[in-house]
Amino acid sequence: MNRKLQPVLFCLPLAALVAMGATARPQQKKPAAAPKKPAADKPSTGGFERDVAPLVKKYCVSCHAAPKGTGGVSLSAEKTFQAALKNRAVWEQVSSAVLESRMPPAGVPQPSAAERKRLGETLESLFSQVDCQINDPGRVTMRRLNRAEYNNTVRDLLGVTLRPADDFPNDDVGYGFDNIGDVLSISPLLMEKYLNAAEKVAAEAVVLPGNGPKAQRVTARALAGLGNAGGDSGEGYELGRTGDTATASFDFPTAGTYKVRIQAYGQQAEPRPVKMGVSLSGKQVQSIDVPATAQNPQLSELTVTIPRAGSYKIGATFLNNNDQAPEDLPFRRKGQDRNLYINYIEVQLPESVKHGIALVLPKDSSDAAWDDATWTTLGGLAKRALRRPVTPQEKTKLIGLARLAREKKTTAEFAEGVQLALRAVLSSPSFIFRPEPDAKPNDPTARRLLNDYELATRLSYFLWSSLPDDELLTLADQGKLKDTTVLVAQARRMLKSPKAAALAENFAGQWLQLRKLAVVQPDDTTFKPPLRKAMETEALRFFTGVVQEDRSVLEFLDARYTYLNETLAEHYGISGVTGEAFQRVTLTDNQRGGLLAMAGVLTLTSNPNRTSPVKRGKWVLDNFLGTPPPPPPPNVPELDKPGGPIVAETLRKRLEIHRTNPACANCHLQMDAIGLALENYDLIGRWRMNDGGKAIDTSGVLPDGSKFNGPGELKKVLLTKKSQFTHTLTDRLLTYALGRGIERTDRCNLDSMTKSVENKGYKFSAIVEAVVTSPPFRERRGDESGKKVAKQ
């Protein structure tokens, strides 16, 4: 490096932040103002006095009278809807509790079904009228790129295989997701990590002319699998038994054909040489003889076809230990042994794969030629990185940074200058964050449509967790993304892309809480890493299939197929599935089908030493029905507390005793019934008919009278609540897409979105279409001063 440049590079973080302000705006046409909403009629409040207040007085006030009603809930003071509106949170709970038959509690006079419907639906209608009158698009706090988004962005921007964000601190979680603007803060440590990452990525991306794409190599000490790092030579990864495999994970930036090189040797034994199998994601693609010895290792080369960008495992398997074949027996008796040793596994990126920046060298040594070449190399990339056109001021400062590397005007200095400017781009707040600057940021009445670049960015990070591609940016340049027809067409295109796998990993992985599988520790000796990974993969592959085949989201509740490999199929007792590769399997009984019957979900909702009907029931209420129970009251005895008061011969009996506590009864009545229906699955999701030698009773009834026996009938009951499930899934997907929690004022939009999905056959694309065309996704407003949203 040019020594004169070193002090400048040391000061680069400050220069970058000054050069690339987060509030810089592209020069473009002023965005059109958001259409004014037609004035809505004020809600008719007579329905409250006529249909709600008399029923509350008749059935509720005896327990919930001011000033100290049961459970801290008082309903006697509000005589009008305007009064109830000031205590809205409580009255919303009244509505749901009455409609779901959770209130009034057993043992007191009960309203008829017609009275329940009248009270609950009247309250819902009144609140909905208020929400629809406001129709507030809300405001999203400026979002920082989280770890997954940062890795995907540098991969798609530059074609590099580095994953620098893996070294970042874990992102905070709000409303169930790690892409929520309110919790994506930035600490001095994280800022330092971003700046270091920019330096590493820029160094990897700027490739001098004539230097081909780099290879990724994993040496013996970093290989994983059944074997030993080190062997006779102290170098190779030793595989001593037939079937032993050494694996290495590689990031492939795009689909295509890649060269794989494996350096290996063997401890030989007559009459045959060591044989090595090479696998891609567990499926063998080639068998290779390895007659070489440690003194002269063999370098084997083959090609593999990668169907889509992502991380894949390349494996080297020992195929012929001499204790297996009959013809080897005489030699084994002579003390000859055969072993395979792997020195390294390497993947070469092909020339056709974009890797780094293609430098456009200056035509001559003039400053103007160097400036032109710098911007030809960097201009388009800077636009993609910032997700908008670069301003003239930013262009000037970036070229100025590149000039700092010039001394003798060598090719190396030109590359160094581009690298310096690239570091500035990657250190910019406009890259690290996703700004949507408002003219009146503190005015909550200042409502506007997003501009086309902001729409492109929201759409790409929603579906791909990455930056917009060239097609999206071209449409943004043309001002076409405000057209909802174009926006929907782009969303459908993007869902079919391999990059939509990010939606499964980052949305489904958090909605279904599958990320917790990495840390759960069931007390079961069969729960090993291959099974843990297979559980997660099944759910993610299933979700991806629904997305990319545009199937009904009701298949999340029940389906006649799933995705299995040999490990998970054996766990389920399903025959005919071999190998580590996952395949679609048709199910022939009701033991499996849908997310609820997947071992991953069943494992993460169990206790370490037994199943947990409470956790499983709560999981369903929260993730499928959108009715999470409140936190448990204090001083409630634990079911498993040694010597505690809750002792019974079965778990069902213990839960029945638990429900005799009035403070627990209403919530547990629903949770327990759902969870007990899943008791045929043990703590890691295996099917069973008995527990501790006693037959399992999986019958149950919900507060609304729905009866079921076992997981198959439970799923049928859940399918009768398909509207509620669709509303919940839409709520979760909208939360993830917006990067903020859903508020009361979103209810009107959510209700209309749910109806739209139902009218379109519950297709997954219908939910995405409803999300991306909704006012909260396409619009924003200023914020109220001092507003704070707490972490959840």
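## A first look around the model

At 2% relative accessibility, Glu394 counts as buried, because anything under 20% falls in that class. Its salt-bridge partner is Arg388, with the N and O atoms of the two side chains 2.9 Å apart. Arg388 is buried too, at a relative accessible area of 7%. Keep in mind that all of this comes from a predicted model.

### Salt bridges

How many salt bridges does a search of the whole structure find? The count comes to 53. Here are three of them, with the distance between the N and O atoms.

| Salt bridge | N to O distance |
|---|---|
| Arg388 and Glu394 | 2.9 Å |
| Arg139 and Asp438 | 2.6 Å |
| Arg747 and Glu92 | 2.7 Å |

Start with Arg139 and Asp438, whose side chains meet at 2.6 Å. Arg139 sits in the loop between H6 and strand E1 (143-144), while Asp438 sits in the loop between strand E15 (433-434) and strand E16 (447-449), so this pair ties together parts that are 299 residues apart in sequence. The two ends of the bridge fall into separate burial classes: Arg139 is partly exposed, with a relative accessible area of 24%, and Asp438 is buried, at 11%.

That pair also belongs to something wider. Salt bridges that share partners join Arg139, Glu436, Asp438, Arg448, Glu454, Arg458 and Arg780 into one network.

Now for Arg747, which forms a salt bridge with Glu92, their closest N and O atoms being 2.7 Å apart. Which parts of the chain does this pair link? Arg747 is in helix H26 (residues 747-759) and Glu92 is in helix H5 (residues 88-99), so-called distant parts of the chain, 655 residues apart. Arg747 counts as partly exposed, because its relative accessibility of 24% lies between the 20% and 50% cut-offs.

### Empty space inside

Rolling a probe the size of a water molecule over the atoms shows where empty space is left. In this structure there are four cavities of 30 Å³ or more, and the largest cavity holds about 50 Å³ of space.

Which residues line that largest cavity? They are Leu55, Tyr59, Cys60, Val98, Pro104, Pro111, Glu115 and Leu119. Helix H3 (46-59) and helix H6 (113-134) each supply at least two residues of this lining. By character, the lining divides into seven nonpolar residues, no polar ones and one charged. The charged one is Glu115.

### Cysteines without a bond

One of those lining residues, Cys60, leads on to another topic. A search of the whole structure turns up zero disulfides. Cys60 is in no disulfide, and the nearest cysteine sulfur, that of Cys63, is 8.6 Å away. For a disulfide, the two sulfur atoms would have to be within 2.5 Å, so this pair does not qualify. Looking from the other side, Cys63 is in no disulfide either, and its nearest cysteine sulfur is that of Cys60.

Are these two cysteines buried or partly exposed? Cys60 is buried, with a relative accessible area of 12%, whereas Cys63 counts as partly exposed at 35%.

### One last stop: Asn623

Asn623 lies in helix H21, which covers residues 613-623. At 4% relative accessibility, Asn623 counts as buried. What does Asn623 touch, leaving out residues up to four places away in sequence? Its contacts are Trp511, Gln513, Thr728 and Arg732.

Methods:
Residues are numbered from 1 along each chain as its sequence is written. This is a predicted model: local features need pLDDT of at least 70, side-chain atom pairs count only at pLDDT 80 or more; totals for chains, interfaces and linings use all residues. Side-chain values use heavy atoms; hydrogens and water are left out. Helices (H or I, at least four residues) and strands (E, at least two) are DSSP runs, numbered from the N terminus. Buried means under 20% relative accessible area, exposed over 50%, partly exposed in between (1.4 Å probe, protein chains only). Contact means heavy atoms within 4.5 Å. On a 1 Å grid over the protein atoms alone, a cavity is a set of points where a 1.4 Å probe fits but cannot get out, and a pocket is an open set with protein on both sides within 12 Å along at least five of seven lines; lining residues have an atom within 4 Å of a point. Grid points are joined across faces, edges and corners, and a volume is the space filled by probe spheres set on the points. A salt bridge is a side-chain nitrogen of Lys or Arg within 4 Å of a carboxyl oxygen of Asp or Glu.
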